[in-house]
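Here's a quick briefing for anyone meeting this structure for the first time. Have a look at the model below, then read on.

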Amino acid sequence: MPKFSWTIFTISVATFIVFLSTVPLQLPPLNNVGLSVDKLAHCLAYFVLSTMLGLALELDWIIKNSNRIVFLVVFLFGLTLEIIQGYALVYRTFEIYDLLANSVGIFAFILFAKTIKKIVVKSRIFIN
């Protein structure tokens, strides 16, 4: 397994999110009553990104108690993408509810961070 594998995974997930956030997609509306599938997708994507970054900081970079860093970096990443969508892309808009859904995904990671890290360390998944 390559050194810094969690960092590589984090960069890959972030790149995929940037791609999905900036490319014009021709998808049918996914709204239903209450929560939309789009907001659940935002929540899941930012949960995965937060998880990858949290594991990268703790396992690759040996930074303990990295939850504050994860929150700040991933939230600012999402905010930057929303600003780009709102002001630089004519086919996208800034949506505060997307930012809120992103934050829910980040908070879900923070809520389960210790458990996730224990499972990964105990199972020795991608640990050098």
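**A surface patch and a buried aspartate**

Seven names to find on the surface: Ile83, Tyr87, Phe94, Ile96, Tyr97, Leu100 and Val104 make up a nonpolar patch there, and together they have about 780 Å² of accessible area. Two elements, α3 (67–87) and α4, each give two or more residues to this patch. Keep in mind that this is a predicted model.

**The nonpolar patch**

- Helix α4 supplies four residues, which is the largest share of the patch.
- Isoleucine 83, one of the patch members, sits in helix α3.
- Is isoleucine 83 buried, exposed or partly exposed? Its relative accessible area is 39%, so isoleucine 83 counts as partly exposed, since that label covers values between 20% and 50%.

**Aspartate 98**

- Helix α4 runs over residues 96–123, and aspartate 98 is part of it.
- Aspartate 98 is buried because its relative accessibility is just 4%, and the cut-off for buried is under 20%.
- Leaving aside residues up to four places away in sequence, aspartate 98 touches Asp38, Lys39, His42 and Glu82.

**Polar contacts of aspartate 98**

- Which side chain does aspartate 98 meet in a polar contact of 2.5 Å? That partner is lysine 39, with the contact running from side chain to side chain.
- The side chain of histidine 42 also makes a polar contact with the side chain of aspartate 98, this one at 3.5 Å.

Notes:
Residues numbered from 1 in each chain as written. Predicted model: local features only at pLDDT ≥ 70, side-chain atom pairs only at ≥ 80, totals over all residues. Heavy atoms only, no water. Buried < 20%, exposed > 50% of the residue type's maximum accessible area, 1.4 Å probe, protein only. Polar contact = N/O pair within 3.5 Å; in protein donor to acceptor, adjacent residues only side chain to side chain. Contact = heavy atoms within 4.5 Å. Patch = residues over 30% accessible without salt bridge, like charges linked within 9 Å, V, L, I, M, F, W, Y side chains within 5 Å. Areas by Shrake-Rupley, 256 points an atom, 1.4 Å probe, with all protein chains shown as cover. Salt bridge = Lys/Arg side-chain N within 4 Å of Asp/Glu carboxyl O.
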